[in-house]
Amino acid sequence: MKYWIGVVSRDHIEVGRAGGFIQLCHGKEAPLRRIAAGDRIVFYPPRQSMHAGAPLQAFTAVCDMRPEPAYLADMGNGFTPYRRNTRFLPSGIAPIAPLLDRLSFTRGQRNWGYAFRRGYFQITSTDYEVIATAMGVVDSDRVAA
């Protein structure tokens, strides 16, 4: 099992939650292929909406990737992003500020937000556990602390 951060606006996360799917990196297929069935993805939305809204600076959702492959979805106006089915886990919202010194990808980084510019990236099981604990993730498959 691997653990990932996905950087997606909050409104897009909620559309995915309602439909049981995720999209990454503006609908590219390659990121979805790298993530295996059973992997966990923690979502960090930089803003409420893709082009608007106040900065959130919090982790807002966690999901468990399903085994089905990526598929194209027609969203109209010629936009056909790739999606993957997933199961969103019960969780709360966790601001990142109290976790900055505990996460390997932000600890000691003055410009800690730079890591999130990649759109998605793999994290350690320890990083996942710190975030999942802060979010109150309800999941029987949690790693040992």
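Visitor: Why is the meeting of the Asp64 and Arg40 side chains called a salt bridge?

Guide: The N to O distance is 2.9 Å. A salt bridge needs a side-chain nitrogen of Lys or Arg within 4 Å of a carboxyl oxygen of Asp or Glu, so Asp64 and Arg40 qualify. One caution: this is a predicted model, where local features need pLDDT of at least 70 and side-chain atom pairs count only at pLDDT 80 or more, while totals for chains, interfaces and linings use all residues. Residues are numbered from 1 along each chain as its sequence is written, and side-chain values use heavy atoms, with hydrogens and water left out.

Visitor: What does the pair tie together?

Guide: Asp64 sits in strand β5 (residues 61-65) and Arg40 in strand β3 (residues 40-43), so the bridge ties parts that are 24 residues apart in sequence. Strands here are DSSP runs of E with at least two residues, helices are runs of H or I with at least four, and both are numbered from the N terminus.

Visitor: How do you know whether Asp64 and Arg40 are buried or exposed?

Guide: Buried means under 20% relative accessible area, exposed means over 50%, and partly exposed is in between (1.4 Å probe, protein chains only). Asp64 has 7%, so it counts as buried. Arg40 has 1%, so Arg40 is buried too.

Visitor: Which residues are linked with Asp64 in a network of salt bridges?

Guide: Arg40, Arg66 and Arg87 are linked with Asp64 in that network. For Arg66 and Asp64, the closest N and O atoms are 3.5 Å apart. For Arg87 and Asp64, the figure is 3.2 Å. Arg87 belongs to strand β7 and Asp64 to strand β5, so this pair ties parts that are 23 residues apart in sequence. Arg66, at 30% relative accessible area, is partly exposed, and so is Arg87, at 32%. The structure holds five salt bridges.

Visitor: What makes the chain as compact as a globular protein of its length?

Guide: Set its radius of gyration against the globule rule. The radius, taken over C-alpha atoms, is compared with 2.2 Å times the number of residues to the power 0.38. The chain has 15 Å, close to the 15 Å that the rule gives for 145 residues, so the description fits. The fold comes to three helices and nine strands, and 44% of the residues count as buried.

Visitor: What makes the largest pocket a pocket and not a cavity?

Guide: On a 1 Å grid over the protein atoms alone, a cavity is a set of points where a 1.4 Å probe fits but cannot get out, whereas a pocket is an open set with protein on both sides within 12 Å along at least five of seven lines. The largest pocket holds about 670 Å³, a volume being the space filled by probe spheres set on points joined across faces, edges and corners.

Visitor: How many residues line the largest pocket?

Guide: There are 30, and lining residues have an atom within 4 Å of a point. Val7, Val8, Ser9, His12 and His26 lie nearest the centre. α1 gives the most to the lining, with four residues.
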